[in-house]
Amino acid sequence: MATATTPVGQDQPTTADPPPVVFDLSQPPVIEGFAPLPRAKEENFKDKFIRKTKENPFVPIGCLGTAGALIYGLSAFRRGKTRQSQLLMRARIFAQGFTVVAIIVGVATTALKPKQ
């Protein structure tokens, strides 16, 4: 017995394929029941530095103190003032510790701040 074979796809009615979905990358995707937040403006280095300094002003102060003590201590060492150089290196260590504590306090404050 020979069975009649039909070409594939003739048994089913032909349906038109839906048109391909085109994604617009400049707009957020449309999701039913969801409203995305507006994008924040792009922030350059100067604006970000000013914002971060206002959020935690003690970190830049500590960095400047560390750099100042280091530079002044190295210049005193170069001139042969060993006592002053040692005192300024100790001041540098203190300023570094101050900076680390300021960073930790800033991170903790940011983490504990209620979200708006």
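Reader: Which residues does threonine 66 touch, not counting residues up to four places away in sequence?

Author: This is a predicted model, in which local features need pLDDT of at least 70 and side-chain atom pairs count only at pLDDT 80 or more, while totals for chains, interfaces and linings use all residues. Residues are numbered from 1 along each chain as its sequence is written, and side-chain values use heavy atoms, with hydrogens and water left out. A contact means heavy atoms within 4.5 Å. With residues up to four places away set aside, threonine 66 touches Arg92, Ala95, Gln96 and Thr99.

Reader: Is threonine 66 buried or exposed?

Author: Threonine 66 is placed in helix α2, residues 58-79. A residue is termed buried under 20% relative accessible area, exposed over 50% and partly exposed in between, using a 1.4 Å probe and protein chains only. Because its relative accessibility is 15%, threonine 66 counts as buried.

Reader: Which backbone atom does the side chain of threonine 66 reach?

Author: A polar contact is a pair of N or O atoms within 3.5 Å; within protein, one must be able to donate a hydrogen and the other to accept it, and residues adjacent in sequence count only if both atoms are side-chain atoms. The side chain of threonine 66 makes such a contact at 3.5 Å, and its partner is the backbone nitrogen of glutamine 96.

Reader: How many helices and strands are there in the protein?

Author: Helices (H or I, at least four residues) and strands (E, at least two) are DSSP runs, numbered from the N terminus. From the N terminus on, the elements run α-α-α. The protein thus has three helices and zero strands.

Reader: Which residues does UniProt list for "transmembrane region"?

Author: UniProt positions are given here in the numbering of this model, with feature names shortened, and annotations may be inferred rather than shown by experiment. In the model, residues 58-77 are 100% helix, with end C-alpha atoms 28 Å apart; residues 89-112 are likewise 100% helix, with end C-alpha atoms 35 Å apart. The UniProt record, an unreviewed entry, lists for this feature residues 58-77 and 89-112.

Reader: With which residues is serine 85 in contact, leaving aside its neighbours within four places in sequence?

Author: Serine 85 is in helix α3, residues 82-112. Its relative accessibility is 5%, so serine 85 counts as buried. Beyond its sequence neighbours within four places, serine 85 is in contact with Gly73, Ala76 and Phe77.

Reader: Which residues are linked in a network of salt bridges?

Author: A salt bridge is a side-chain nitrogen of Lys or Arg within 4 Å of a carboxyl oxygen of Asp or Glu, and a search of the whole structure finds two. Arginine 51 meets glutamate 43 at 2.8 Å, N to O, and glutamate 55 at 3.1 Å, N to O. Arginine 51 and glutamate 55 both lie in helix α1, four residues apart, about one turn of the helix. The network links Glu43, Arg51 and Glu55.

Reader: What accessible area do Phe45, Phe49 and Ile50 have together?

Author: Phenylalanine 45 lies in helix α1, residues 45-55, and is exposed because its relative accessible area is 69%. Patches are made of residues with over 30% relative accessible area and no salt bridge, with like charges joined within 9 Å and nonpolar side chains (Val, Leu, Ile, Met, Phe, Trp, Tyr) within 5 Å. Accessible areas come from the Shrake-Rupley method with a 1.4 Å probe, and for residues only the protein chains shown count as cover. Phe45, Phe49 and Ile50 form a nonpolar surface patch whose combined accessible area is about 350 Å².
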